[in-house]
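Hello,

Here is the structure we talked about. Please load it first, then read the notes underneath.

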2 protein chains.
Amino acid sequence: MPEIDHESPTPVYRQIAALIVKEIESGALPVNRKIPSESALTQRFGVARTTARHAVAHLREEGWVFTVPQRGTFVKERAGADDD
Amino acid sequence: MPEIDHESPTPVYRQIAALIVKEIESGALPVNRKIPSESALTQRFGVARTTARHAVAHLREEGWVFTVPQRGTFVKERAGADDD
DNA sequence: TATCATTTGTGCGTATGTATA
DNA sequence: ATATACATACGCACAAATGAT
């Protein structure tokens, strides 16, 4: 279930980020939908919160999501993407 | 801005430590003032967190600062130094 | 009003692996 | 082998804001 390979040369945080991107692209996570919290990711993938945070920070830097303190992180609107 | 010279024979962590000492001596960082966090130093100087940590550890060994776990690192009182 | 759970923000402690000189 | 430096990853603790009760 975790789908995380700790032996892979690809860092864990990037693997998690990639999986979330996949969910965004598939439509499972539409625009403005809250993505799983850091704690949720921590449990789901069996990683440390710092690692989950790193994955989210990466998604933010890549423009996939935006974060609202104390509320959560949400899927960002992109040019050429369908709205919810 | 970084004022860090990676080509210098002086290790990066010592250069950072020296800059902080300068700020303490100039009064920019008075006694009991919290010095920049490891993350802040990491960003400010464009170094790895381990390097920033090394710089802070060095300052601690030299008696310039003291660290309170989970709270931060603060400027230590010195004999002959003015209080804040 | 007060309390509680949730969630992000911040900060340090530690360890491993890699690379270079 | 040692010192330096970076990237990654796990752990722990506390703060602050939000939302629900």
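**DNA strand D**

The surface near DNA strand D is made of ten nonpolar, eight polar and three charged residues. Keep in mind that this is a predicted model. In total, 21 residues surround the strand. The closest are A:V12, A:T51, B:V12, B:T50 and B:T51. Of the strand D atoms that come within 4 Å of the protein, sugar and phosphate account for 69%.

Backbone atoms reach the phosphates here. In chain A, a polar backbone atom of A:V12 sits 2.3 Å from a phosphate oxygen of DNA strand D. In chain B, a backbone N or O atom of B:V12 is also placed 2.3 Å from a phosphate oxygen of that strand. For a backbone N or O atom of B:A48, the distance to a phosphate oxygen of DNA strand D is 3.1 Å. Which elements give two or more residues to the surface near DNA strand D? They are α1 and α3 of chain A, together with α1 (12-26) and α3 of chain B.

**DNA strand C**

Now the other strand. DNA strand C is surrounded by 18 residues. A:E38, A:R49, A:Q70, B:R53 and B:Q70 are the closest. Sugar and phosphate make up 54% of the strand C atoms that come within 4 Å of the protein. By residue class, the surface near DNA strand C has one nonpolar, ten polar and seven charged residues.

Side chains supply the following polar contacts. An N or O atom in the side chain of A:R49 is 2.8 Å from a base nitrogen of DNA strand C. B:K34 goes to the phosphate: a side-chain N or O atom lies 3.5 Å from a phosphate oxygen. B:S37 does likewise, with a polar side-chain atom 3.4 Å from a phosphate oxygen of DNA strand C. At least two residues of this surface come from each of α3 (49-61) and β2 (72-75) in chain A, and from each of α3 (49-61) and β2 (72-75) in chain B.

**Nonpolar cores**

The largest nonpolar core holds 22 residues. Those touching the most other members are A:I16, A:I20, A:I24, A:F45 and A:L59. Three helices of chain A, namely α1 (12-26), α2 (38-45) and α3, each supply at least two residues of this core. α1(A) gives the most, with eight residues. Beyond its neighbours within four places in sequence, A:I16 is in contact with A:I4, A:F45, A:V47 and A:A55. Another core, of 21 residues, lies apart from it. Its members include B:I4, B:V21, B:V47 and B:V65.

**One residue to check: B:T42**

B:T42 is in helix α2 (residues 38-45) of chain B. Is B:T42 buried or exposed? Its relative accessibility is 19%, so B:T42 counts as buried, the limit being under 20%. A polar side-chain atom of B:T42 lies 2.7 Å from the backbone oxygen of B:E38. Leaving out neighbours within four places in sequence, B:T42 is in contact with B:V47, B:A48, B:R49 and B:A52.

**Annotation**

An unreviewed UniProt entry carries "domain: HTH gntR-type" over residues 10-78 of chain A. In the model, that span is 52% helix and 12% strand. Its end C-alpha atoms are 26 Å apart.

Best wishes

Notes
Residues numbered from 1 in each chain as written. Chains lettered and ligands numbered in written order. Predicted model: local features only at pLDDT ≥ 70, side-chain atom pairs only at ≥ 80, totals over all residues. Heavy atoms only, no water. Near = heavy atom within 4 Å. Polar contact = N/O pair within 3.5 Å; in protein donor to acceptor, adjacent residues only side chain to side chain. Helix = DSSP H or I, 4+ residues; strand = E, 2+ residues; numbered from the N terminus. Nonpolar A, V, L, I, M, F, W, Y, C, P; charged D, E, K, R; others polar. Buried < 20%, exposed > 50% of the residue type's maximum accessible area, 1.4 Å probe, protein only. Contact = heavy atoms within 4.5 Å. Core = buried A, V, L, I, M, F, W, Y, C linked by side-chain atoms within 4.5 Å. UniProt positions renumbered as here; feature names shortened; annotations may be inferred.
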